[in-house]
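Visitor: I would like to learn how to read a helical model step by step. Could you take me through one?

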Amino acid sequence: MNNSSIELFSATNNEVNINMALAAGLSIGCISFCTIIGNIFVINAIRTDHQLRQRYANRLVSSLAVTDLLVGLTVIPMAAVYQIYGYWIAGEAMCMVYLMADLTLCTTSILHLVAIALDTFFFSSSLTYSFSNRS
C-alpha cells in the first residue's frame, strides 16, 4: 500500500490502529443499530396497523424488514469485526456461518426488492392485478 492510505490493521507489526478501529467500530455500530431499530419499527407498524396489513405489498415490505433485521443482527457485526481486525478471528466454522448468512440474507433482500418493484409495476399498470386485495 502507498503511504497516503489509511490502514486499520498494520501487517508489519500486527497491531490495530486503535483510533481508526474505534472510529470504524462506532460508525458500523451506528449503522447496525439504525438497521435493527428501523426494521423493528417497520415490522411493528405493519403488525399492529390493520390497514397496513391489508395490502399485499406490505407483506412483502414486512418480509424485507425481517430479512434486513437479520442482516443487522448477524452479518453487519461479523463484517465489522473482520474489517477492524483485517483478518477473520472467529475460526473456520464461524467463517462458513458468516458467509452463508451473508450470501443468503443479502440475496433474499435483493429478491424482496425485485418482488416489491414488480408488485408496484403491476399494481400501477393498466393490467388486471388480482393480487392487490389478497387476504
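Guide: Gladly. Let us start with a cut-off: a residue is called buried when its relative accessible area is under 20%, exposed when it is over 50%, and partly exposed in between. Keep in mind that this is a predicted model.

Visitor: Is Leu105 buried or exposed, then?

Guide: Leu105 counts as buried, because its relative accessibility is 14%. This residue lies in helix H4. Between the C-alpha atoms of Leu105 and Leu70 there are 7.4 Å in space, although the two are 35 residues apart in sequence.

Visitor: Which residues make up the largest nonpolar core?

Guide: The general idea comes before the case. In soluble globular proteins, nonpolar side chains tend to be buried together. Here the largest nonpolar core has 8 residues: Val71, Val75, Ile76, Met78, Ala79, Tyr98, Ala101 and Leu105. H3 and H4 each supply at least two of them, and H3 gives the most, with 5 residues.

Visitor: Let me step back to the whole chain. How many helices and strands are there?

Guide: The chain has 4 helices and 2 strands. Read from the N terminus, their order is β-β-α-α-α-α. Of the 135 residues, 24% count as buried.

Visitor: How do I read the length of a helix, say H3?

Guide: Compare its end-to-end reach with the span expected at 1.5 Å a residue. Helix H3, residues 56-85, has 30 residues and reaches 43 Å from first C-alpha to last, close to the expected 44 Å. Helix H1, residues 18-48, has 31 residues and reaches 44 Å, close to the expected 45 Å.

Visitor: Where does H3 bend?

Guide: The bend is at Gly72, and it is about 35 degrees. Another glycine comes after the helix: H3 is followed by Gly86, which has a positive phi near 85 degrees.

Visitor: What should I look for along H1?

Guide: Begin with the geometry of a helix. An α-helix has 3.6 residues a turn, so residues three or four places apart point the same way. Then look at the buried residues of H1, which are Ala21, Ala24, Ser32, Ile36, Asn39 and Ile46. Cys34 is also found in H1, but it counts as exposed because its relative accessibility is 53%. The C-alpha atoms of Cys34 and Gly72 are separated by 8.5 Å, with their positions 38 residues apart along the chain.

Visitor: Back in H4, why does Leu103 count as exposed?

Guide: Leu103 has a relative accessible area of 58%, and exposed means over 50%. This leucine lies in helix H4. Its C-alpha atom is 9.4 Å from that of Val75, and the two residues are 28 apart along the chain. Val75 is one of the core residues we listed.

Visitor: Which residues make the nonpolar surface patch?

Guide: Ile110, Val114, Leu118, Phe121 and Phe122 make a nonpolar patch of about 460 Å² on the surface. Take Leu118 as the example: its place is in helix H4, residues 92-124. Leu118 is partly exposed, because its relative accessible area is 46%.

Visitor: So what can I compare within H4?

Guide: Three leucines make a good exercise. Leu105 is buried, Leu118 is partly exposed, and Leu103 is exposed.

Methods
Residues numbered from 1 in each chain as written. Predicted model: local features only at pLDDT ≥ 70, side-chain atom pairs only at ≥ 80, totals over all residues. Heavy atoms only, no water. Patch = residues over 30% accessible without salt bridge, like charges linked within 9 Å, V, L, I, M, F, W, Y side chains within 5 Å. Areas by Shrake-Rupley, 256 points an atom, 1.4 Å probe, with all protein chains shown as cover. Salt bridge = Lys/Arg side-chain N within 4 Å of Asp/Glu carboxyl O. Buried < 20%, exposed > 50% of the residue type's maximum accessible area, 1.4 Å probe, protein only. Expected span 1.5 Å × (residues − 1). Bend = angle between axes of the 7 residues up to and from the residue. Core = buried A, V, L, I, M, F, W, Y, C linked by side-chain atoms within 4.5 Å.
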